[in-house]
Amino acid sequence: MRRVLHTALLTTAMALPATFAAAAPQQPTFNTNRQVTFVLNGGERHTGTLVYHNTADFSLIENGTEHAYPASNIAMIDFGAGDPAAAELNQLPTGTTSELQRNMLVLRDGNVIHGKVYTIKESSLTIDPASGGRQDVNLGNVSRLYMNADAARSAFASVLATAPAPTATGTTGQVLPAGAIQVNANQSWTDTGITVGKGARIAFSTTGQVAIRQNSTDMIGPDGSGTENRAGAPVPAAAVGALIGRVGSGTPFPIGSNSQPITMPANGRLYLGVNDAGASDNSGAFVVTIVR
């Protein structure tokens, strides 16, 4: 009897570890209680309550039932802000990007963060920005989260196609390169449509020429003219006629033909202009491509 008892106990003891091993640890579930819209790679849309299980899927509670969608199949997540403008879509990464440039987060104030989403919790999103560090963003401040840049451009191709395409001054019918901005010399400041963050590194590629007085045939490149009087120019340290920039209503800074990244001094909308005290009698334009 004793031997039989020992055998039964041993059989039971051997069965217990297998029972416990079968119970895999569960991933935490975060219900944001926020209505969002998934725009899938093919353009299909699904709206519901965003749920995240810390897996490769994003889930929506639709009509009381939870459905999972692979992150790789989602072009963009709209947090109630609506469809994007062309200026925003033009800030999506192009070509082969690093892991820390995979996603693009757009905030309610217009700021854009390129990086990799780390996690989403009940009330916040954590992203690893391309510029380094880790940043928590309140979900109430999020407009859109782009998961797949190429798919997003395809899904909103109609927005990009109907965006106005300016032409370069003096070259009739010549359309600007994709993503380029025309900076007219007779306009004090040109809104790029791009919002930058303080400390962001932005590079500028510039072509074109301008004249800084009426009927002048002396054309000036993006570095400006070293012989003109700089009195009253927005950036006294830069040559007259040079390409300059400004964030919001902040202090203007020189750009010129320098292709090296420039550190943005503040958060806000980026403006470009020509370094001249009076723009009304100027002519010509610079064509500027901005690279983040």
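**Glu44, Phe38 and the cores of the predicted model**

Glu44 counts as partly exposed, because its relative accessibility is 46%. The structure described here is a predicted model. Glu44 sits in the loop between β1 and β2. Its side chain makes a polar contact of 2.6 Å with the side chain of His46. Beyond four places in sequence, Glu44 is in contact with Phe38 and Val39. Glu44 also lies 8.7 Å from Ala155, C-alpha to C-alpha. In sequence, Glu44 and Ala155 are 111 residues apart.

Ala155 belongs to the residue range of helix α3, which spans residues 149-155. Arg153 lies in this helix as well. The side chains of Arg153 and Asp150 are joined by a polar contact of 2.7 Å. With neighbours within four places left aside, the contacts of Arg153 are Leu89, Leu92, Pro93, Thr94 and Leu160.

Phe38, one of the two contacts of Glu44, has a relative accessibility of 0%. Phe38 therefore counts as buried, the limit being under 20%. Outside its neighbours within four places in sequence, Phe38 is in contact with residues that include Glu44, Arg45, His46 and Leu50. Further contacts of Phe38 include Phe58, Ser59, Leu60 and Tyr69. Ile74, Met76 and Ile77 are also in contact with Phe38.

Aromatic pairing was examined next. The structure holds two aromatic pairs. One of them is formed by Phe38 and Tyr69 and is edge-to-face. The ring centres are 5.5 Å apart, with 85° between the planes. This pair links distant parts of the chain. Phe38 is in strand β1, whereas Tyr69 is in strand β4 (residues 65-70). The two residues are 31 apart in sequence. Tyr69 has a relative accessible area of 12%, so Tyr69 is buried too.

The largest nonpolar core contains 24 residues. Phe38, Phe58 and Leu105 touch the most other members of this core. Eight elements are listed as giving two or more residues to the core: β1 (30-40), β2 (45-52), β3 (57-62), β5 (74-78), β6 (103-107), β7 (112-120), β8 (124-129) and β10 (142-146). A second core is separate and has 23 residues. Its members include Ala185, Ile202, Val274 and Ile290.

One sheet is open and has four strands. The strand order is β12-β17-β14-β15, and the pairing is antiparallel. Strands β12 (190-196) and β15 (253-254) each have a single partner strand and stand at the edges, so one side of each lacks a neighbour in the sheet. Strand β12 runs antiparallel to β17 (residues 268-274), and four bridges join the two. Within this pairing, Asp191 stands opposite Tyr271 in β17. Val274, named above for the second core, falls in the residue range of β17.

Confidence varies along the chain. The average pLDDT is 83, and 83% of the residues score at least 70. Over residues 1-22 the pLDDT is below 50. This stretch has zero contacts in the model beyond near neighbours in sequence. Residues 165-174 also stay under 50 in pLDDT. For residues 165-174, however, the model has 15 contacts beyond four places in sequence.

Terms used:
Residues numbered from 1 in each chain as written. Predicted model: local features only at pLDDT ≥ 70, side-chain atom pairs only at ≥ 80, totals over all residues. Heavy atoms only, no water. pLDDT = per-residue confidence, 0-100. Contact = heavy atoms within 4.5 Å. Polar contact = N/O pair within 3.5 Å; in protein donor to acceptor, adjacent residues only side chain to side chain. Core = buried A, V, L, I, M, F, W, Y, C linked by side-chain atoms within 4.5 Å. Buried < 20%, exposed > 50% of the residue type's maximum accessible area, 1.4 Å probe, protein only. Pairing = 2+ DSSP bridges. Phe/Tyr/Trp six-rings, centres within 6.5 Å; stacked < 30°, edge-to-face > 60°.
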